[in-house]
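Here are my notes on the model, set out as numbered points. Please read them with the structure open beside you.

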Amino acid sequence: MLDLEILPEISLGCDAWEFVLGMHFSQAIAIIQSQVGIIKGVQVLYSDTNPLGVDIIINLPQDGLRLIFDPVVQRLKTIEVFNMKLVKLKYGGVYFNSPEVLPSIEQIEHSFGATHPGVYDAAKQLFALHFRGLSFYFPVDSKLHSGYAHGLGSLVFLNGASPVVSKMSLYAGSNVAENRAPLLPLSCYHRQMYLESATVLRTSYGHTKGLKLKLFTEGSGRALEPKRKCFTRELLFGDSCEDVATNLGAPNRIFFKSEDKMKIHSSSVNRQVQSKRSDIFFNYFTLGIDVLFDARTQTCKKFILHTNYPGHFNFNMYHRCEFQFLLESDHPPLATESESSKQLVQHHDQHVNVTAYTKWDEISGSLATSERPVVLHRASSTNTANPFGSTFCYGYQDLIFEVMPNNHIASVTLYNTAPPRQPAHSWQQHKMQDIRLTVA
């Protein structure tokens with residue numbers, strides 16, 4: 001049985017670890033993986049069809065816990081204890097829930113003090129007692145509601161049987177129904193660098209030059225207290241390994257690309273040249289970015305931007321890369337007599353805004369992308385099974401979009417060697433060999 005301490009609006013945990021509100025999904029998973037044999041029966045729940053509209057949930061049924069993550073920012077917004085009998089809980093070092101201490105109304109009021117009167121939910125037959133950042137839910141018979149006047153403590157229960165807590169919610173703010181995931185807490189930085197936004201730098205001729213990154217990490221204030229430090233860096237094609245390491249620091253992992261399942265799409269000459277050497281990946285997991293260096297020149301030739309959608313093979317490996325760039329539409333505006341002046345103005349600006357949240361049909365409807373995708377089936381070197389299925393890769397100019405079956409973009413690859421506005425059919429022959437990011 002887990003023995004945990006709660007800090008309202010902050011965390012739930014013990015001396016060895018804690019789930020902190022605002023922490024990233026991958027950090028919570030790392031904690032669970034470190035507690036193998038202690039935390040068991042882990043379930044990850046998400047929506048395949050609506051991954052941005054439905055919360056991502058880590059369910060721990062054997063421990064009575066549920067971690068709820070915002071589906072867009074993928075940070076922890078609510079911690080629920082839905083089975084009080086499976087966990088010990090204390091506040092300020094004193095237990096208010098354990099096999100020896102029942103979390104009754106009197107016990108909660110004794111442990112946490114006075115608060116506003118409880119709120120009754122007739123449909124669920126629950127009374128909710130709210131503190132700032134903390135809510136307790138009591139099952140109460142509807143017959144007792146008529147006697148409710150000044151809070152749960154004013155109710156009279158038969159035989160002196162005071163109800164006990166059936167569920168507890170921990171969150172930031174004063175309203176559990178409107179709570180939002182906090183910013184990543186300083187306690188979760190762990191000396192890593194994180195991405196606020198990434199702008200793809202492109203020329204007016206349709207060439208990609210590189211990336212402009214807005215980053216943040218942990219810095220020191222005047223009193224040597226930790227604080228959020230923000231800065232901007234640029235990565236350009238042709239940068240050396242040293243240039244990138246100077247701008248971003250050491251990568252989370254360096255990977256030598258020893259295999260390439262897309263090599264078949266390149267010419268026989270390129271296949272022979274590539275077989276003699278291995279390109280190098282710098283993996284920046286907390287930025288959601290991979291940088292690929294040419295084995296011969298040791299200079300940057302590709303960037304891969306990851307969106308970290310659940311249901312993708314690489315989910316939980318990267319943080320979401322919050323990228324943005326504009327592409328000029330290839331289709332002329334379709335004006336009709338019924339269009340309003342506002343719509344005509346929108347048509348006049350013939351650009352497609354691409355972000356980590358843009359769906360593929362919004363892009364393909366405006367651009368002359370490759371008609372036939374390359375089907376990409378990812379699998380690890382130790383396990384050829386992929387429960388998530390294949391993805392589809394479409395080329396456009398010097399970009400490759402990896403698209404999931406639900407129409408969301410899994411990754412965008414940027415490369416600098418293809419000519420501008422190259423025909424849609426020739427992209428496979430030139431650069432599809434480098435879309436494959438091998439997972440160690």
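**Notes on salt bridges, strands and cores**

1. Glu196 has a relative accessibility of 40%, so Glu196 counts as partly exposed. Bear in mind that this is a predicted model. Which residue does Glu196 meet in a salt bridge? The partner is Arg228, with the closest N and O atoms 3.3 Å apart. Glu196 sits in strand S14 (residues 194-202) and Arg228 in strand S16 (residues 226-236), so the pair ties together parts that are 32 residues apart in sequence. Arg228 is also partly exposed, because its relative accessible area is 32%.

2. Now the chain as a whole. The chain has 440 residues, and 48% of them are buried. Its secondary structure comes to seven helices and 26 strands. Among contacts with a separation of 6 or more, 58% are between residues 24 or more positions apart. The accessible surface is about 21,500 Å². Carbon and sulfur atoms hold 52% of that surface.

3. How many salt bridges does a search of the whole structure find? The search finds eight. One of them joins the side chains of Arg132 and Glu9, at 3.2 Å from N to O. Arg132 lies in the loop between strand S11 (126-131) and strand S12 (134-139), while Glu9 lies in the loop between strand S1 (2-7) and strand S2 (11-13), so this pair ties together parts 123 residues apart in sequence. Is Arg132 buried or exposed? Arg132 counts as exposed, because its relative accessibility is 53%. Glu9 is partly exposed, with a relative accessible area of 29%.

4. Look next at Asp294 and Lys301. Their side chains meet in a salt bridge of 3.6 Å, N to O. Both Asp294 and Lys301 are buried. Elsewhere, salt bridges that share partners join Arg66, Glu80 and Lys167 into one network.

5. Lys301 falls within strand S20 (residues 300-306), which is mostly covered. Seven of the seven residues in S20 are buried. Which strands pair with S20? Strand S19 (residues 289-293) runs antiparallel to S20, and five bridges join the two. Strand S26 (residues 409-415) pairs with S20 in the antiparallel sense too, again over five bridges. Lys302 is a good residue to follow here. Lys302 is the bridge partner of Leu292, and Lys302 stands opposite Tyr415 in S26.

6. The link from S19 to S20 deserves a check by eye. The two strands form a hairpin, with six residues between them. Gln298 in the turn has a positive phi of about 60°.

7. Helix H1 (residues 25-34) is mostly covered, with seven of its ten residues buried. Which residues of H1 are buried? They are Phe25, Ser26, Gln27, Ala28, Ile29, Ile31 and Ile32. What do the buried residues of H1 pack against? They pack against strand S3 (18-20), strand S4 (43-45), strand S5 (56-60), strand S6 (65-69) and S14. S14 is the strand that carries Glu196.

8. The largest nonpolar core has 48 residues. Within this core, Leu12, Phe19, Ile58, Leu89, Ile108, Phe136 and Met168 touch the most other members. H1 gives the most to this core, with five residues. Apart from this core lies another, of 41 residues. Leu211, Phe282, Tyr284 and Ile289 are among the members of that other core.

9. Leu89 shows what one of these core residues touches. Leaving aside neighbours within four places in sequence, Leu89 is in contact with Leu4, Ile6, Leu12, Val81, Met84, Tyr95, Phe96, Asn97 and Met168. Two names in that list, Leu12 and Met168, also appear among the core residues that touch the most other members.

10. Met84 is worth a last look. Where is Met84 found? Met84 is in the loop between strand S7 (76-81) and strand S8 (87-91). Is Met84 buried or exposed? Met84 counts as buried, because its relative accessibility is 7%. Not counting residues up to four places away in sequence, Met84 touches Leu89, Asn97, Pro103, Val165, Ser166 and Met168. Met84 and Met168 are 84 residues apart in sequence, and their C-alpha atoms are 8.2 Å apart in space.

Definitions and conventions. Residues numbered from 1 in each chain as written. Predicted model: local features only at pLDDT ≥ 70, side-chain atom pairs only at ≥ 80, totals over all residues. Heavy atoms only, no water. Helix = DSSP H or I, 4+ residues; strand = E, 2+ residues; numbered from the N terminus. Buried < 20%, exposed > 50% of the residue type's maximum accessible area, 1.4 Å probe, protein only. Contact = heavy atoms within 4.5 Å. Areas by Shrake-Rupley, 256 points an atom, 1.4 Å probe, with all protein chains shown as cover. Salt bridge = Lys/Arg side-chain N within 4 Å of Asp/Glu carboxyl O. Pairing = 2+ DSSP bridges. Core = buried A, V, L, I, M, F, W, Y, C linked by side-chain atoms within 4.5 Å.
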